[in-house]
Amino acid sequence: MTTANEQTVFSFEGKHAEMISPDIAAEGIRIAKEIFARNEADPLACAAAVEKMESDELLTREEALLCLVWDEAEEAAFKKVTLGWLSRDVDIKLKVAADA
């Protein structure tokens, strides 16, 4: 697995993403970045592997592992940004993109 690229832009998207304060979003992103770094995984490679999986394409072993890292990072970020919310029925997803 490769290390995270400093040029990666992190954000949240979804119907309820506008409810996240900038400070809380930064905390969620920090947590996600820590998980990618701990696993020496490039967030963009993880996102590409998840996209491939969602398209029902066959994954390599490394891509499958990248999907697991993505799931861990997204879940941790989601829990951080929605901590204290009364409803867990929210549409918020972690998003990464290369800095243009």
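How far is the sulfur of Cys-46 from the closest cysteine sulfur, and in which residue does that sulfur lie? The legends below refer to a predicted model.

**View 1. Cys-46 and Cys-67 without a bond.** The closest cysteine sulfur to that of Cys-46 belongs to Cys-67, 7.9 Å away. A disulfide needs the two sulfurs within 2.5 Å, so this separation is too far for a bond. Cys-67 likewise takes part in no disulfide. Across the whole structure, the search returns 0 disulfides. Cys-46 is buried, at 0% relative accessibility. Cys-67 is buried too, at 4%.

**View 2. The largest nonpolar core.** This core holds 26 residues. Phe-12, Phe-36, Cys-46, Trp-70, Ile-92 and Leu-94 have the most contacts inside it. At least two core residues come from each of β1 (8-13), α1 (22-38), α2 (43-54), α3 (61-82) and β2 (93-98). The top contributor is α3, with 8 residues.

**View 3. Surroundings of Ile-92.** Leaving aside residues up to four places away in sequence, Ile-92 touches Phe-12, Glu-13, His-16, Ala-17 and Ile-20, among others. Its contacts also include Phe-78, Val-81, Thr-82 and Trp-85.

**View 4. Helix α3 and its buried residues.** The 22 residues of α3 reach 32 Å from first C-alpha to last. That is close to the 32 Å expected at 1.5 Å a residue. Among its buried residues are Leu-66, Cys-67, Val-69, Trp-70, Ala-73 and Phe-78. Glu-63, Glu-74 and Thr-82 are also buried. The buried residues of α3 pack against β1, α1, α2 and β2.

**View 5. Gly-84, just after α3.** Here Gly-84 adopts a positive phi of about 90°.

Notes
Residues numbered from 1 in each chain as written. Predicted model: local features only at pLDDT ≥ 70, side-chain atom pairs only at ≥ 80, totals over all residues. Heavy atoms only, no water. Buried < 20%, exposed > 50% of the residue type's maximum accessible area, 1.4 Å probe, protein only. Core = buried A, V, L, I, M, F, W, Y, C linked by side-chain atoms within 4.5 Å. Helix = DSSP H or I, 4+ residues; strand = E, 2+ residues; numbered from the N terminus. Contact = heavy atoms within 4.5 Å. Expected span 1.5 Å × (residues − 1).
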